[in-house]
Amino acid sequence: TRAEPAAHPMVTLTSNLGLDDAATGLQTSTVGEPAVGASSSTIVITGNWYASRSGDRGATWSFLDPFTEFPADRGRFCCDQLVTYLPAQRLWVWLLQYEQVGAGNIFRLAVSRTAATGTWRWWDVAPSDLNSAWNNVWFDYPDMAASAKHLFVSFNQYDGNDRWKRAVVIRWPLAELASARPLTRRHWATTNLGSLKLISGAGTSMWFAGNVASTRTLHLFQWPDASEEVTSWPIRVAPWDDSDYGSPTPAGGQWLSRADDRVTGGWRAGGRLGFLWSAGRSAGRPHPYIRAVTLSEQTLAVTAEPDLWSANGAWAYPAAAANKAGRVGLSAFFGGPDHPAHAVGVLDQAANTWTTKVTATSTHSPLLGKWGDYVVCRAHPTRRTSWIASGFTLQGGQDRRNVEPRVVVFRG
């Protein structure tokens with residue numbers, strides 16, 4: 001699908017909030033990685049290296065410092081974070097990655113009923129807690145999603161020389177997390193494929209996927225709630241380029257210097273599974289673009305490949321989710337030759353077409369061309385036809401403190 005980020009009647013912004021310095025504590029990073037979660041009245045956003053909470057649907061914000069909210073344990077808080085709200089359990093979940101100590105680190109999984117400071121209970125996990133042989137590796141690049149009965153978290157693991165070793169998926173029973181007694185954690189790992197993306201909207205099975213450009217393959221995995229076994233399928237899809245992410249911005253800058261083709265969007269809706277990732281320039285695609293594949297949930301056959309691309313600029317870093325009405329929403333970035341912009345959109349799964357709308361455009365491009373690595377799109381907790389999404393832009397300069405995180409509610 002060729003699409004320009006412009007106003008469209010199918011996409012309506014009902015709330016478009018930029019967070020100020022007080023909300024982020026001036027702890028933003030150009031590699032922003034914002035995530036957002038929402039209950040009926042509370043919103044929490046996390047990013048590198050801040051968190052902020054609103055108890056009045058975004059009207060006011062209180063800085064929530066991840067460096068001081070929890071004590072240090074085998075290192076300080078580092079960087080990557082995710083947050084979500086589990087409505088059935090009425091539970092907030094906050095995932096934090098900690099810095100390396102030697103060749104290892106931990107991640108911290110925290111839960112709260114209110115997401116207010118001082119209300120969190122947490123558990124720490126080191127690689128060796130999962131497998132005693134995993135002594136000299138560290139966690140990086142998390143993902144988190146829930147099925148009907150479990151919370152799932154995925155991480156890559158790297159050794160002390162930053163060489164990728166494996167990807168691991170961990171799950172906890174939701175009932176145990178809700179009662180603050182997670183006793184039956186399970187995990188699964190692969191040394192063949194990294195950066196696994198968990199779907200949103202999972203039912204009684206969690207689906208997740210990674211990809212390999214050289215073999216034109218999407219590798220799909222299923223972990224049912226009722227099983228200890230993970231099943232996988234290699235699925236052949238149309239080819240894509242995983243190297244040419246050049247996207248010049250004004251004055252000869254770049255904004256996709258660290259882009260790659262990790263799967264960053266995944267959903268389940270309308271009998272389909274869908275996955276998105278950033279692809280490099282290729283024949284007929286003059287700019288980097290968003291690669292899209294949808295599959296039949298029943299047969300796992302490819303049903304469509306509705307890529308999102310433009311003749312005028314690059315699309316990258318997509319996230320997606322189905323709303324309660326079963327429509328698929330998008331959060332992503334568009335840029336080059338202009339400065340990077342954040343945009344949201346909607347996929348018509350019947351017509352396999354996207355419509356999009358810009359939420360904000362940067363005034364500058366990043367130093368060293370660094371942007372990414374992920375944003376979040378979730379079903380709105382109370383509005384059937386809406387989503388809530390995270391994003392960011394640079395406002396007033398190129399410094400990390402010029403990053404303005406965004407929380408966007410849209411419908412379509």
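This briefing walks through selected strands, sheets and cysteines of the structure above. The model is a predicted one. Two open sheets of four strands come up here, one in the order β6-β7-β8-β9 and one in the order β14-β15-β16-β17. There is also a hairpin built from β24 and β25, and the structure holds one disulfide.

**The β24-β25 hairpin**

- Let's start with strand β24, which spans residues 314-322.
- Nine of the nine residues of β24 are buried, so this strand is largely enclosed by the rest of the structure.
- Its partner is strand β25 (residues 328-335), and β24 and β25 pair in the antiparallel sense over seven bridges.
- For a handy place to look, find A321, whose bridge partner in β25 is G329.
- Five residues lie between β24 and β25 in this hairpin, and G326 in the turn has a positive phi of about 90°.

**The sheet β6-β7-β8-β9**

- This open sheet has four strands, and the pairing is antiparallel.
- Strands β6 (77-86) and β9 (121-125) stand at the edges; each has a single partner strand, so one side of each is left without a neighbour in the sheet.
- On average, neighbouring strands of this sheet are turned by 15° against each other, with direction ignored.
- Strand β8 (residues 107-112) pairs with β9 in the antiparallel sense over five bridges.
- Within this pairing, A110 stands opposite W122 in β9.

**The sheet β14-β15-β16-β17**

- Here too, four strands make an open sheet with antiparallel pairing.
- The edge strands are β14 (197-198) and β17 (231-236), and each pairs on one side only.
- Strand β15 (residues 205-212) and β14 pair in the antiparallel sense over two bridges.
- If you would like to trace this contact, K197 has A209 in β15 as its bridge partner.

**Cysteines and the disulfide**

- C78 and C79 are joined by a disulfide, with an S to S distance of 2.3 Å.
- The link of C78 and C79 is right-handed, with 85° about the S-S bond.
- How exposed are the two partners? C78 counts as partly exposed, at 24% relative accessibility, while C79 is buried, with a relative accessible area of 12%.
- The cut-off explains these two labels: buried means under 20% relative accessible area, so C79 at 12% is buried and C78 at 24% is partly exposed.
- Another cysteine, C377, is buried, with a relative accessible area of 6%.

Definitions and conventions. Residues numbered from 1 in each chain as written. Predicted model: local features only at pLDDT ≥ 70, side-chain atom pairs only at ≥ 80, totals over all residues. Heavy atoms only, no water. Buried < 20%, exposed > 50% of the residue type's maximum accessible area, 1.4 Å probe, protein only. Pairing = 2+ DSSP bridges. Disulfide = S-S within 2.5 Å. Axes fitted to C-alpha atoms, helices over the stretch in contact; angles between N-to-C directions.
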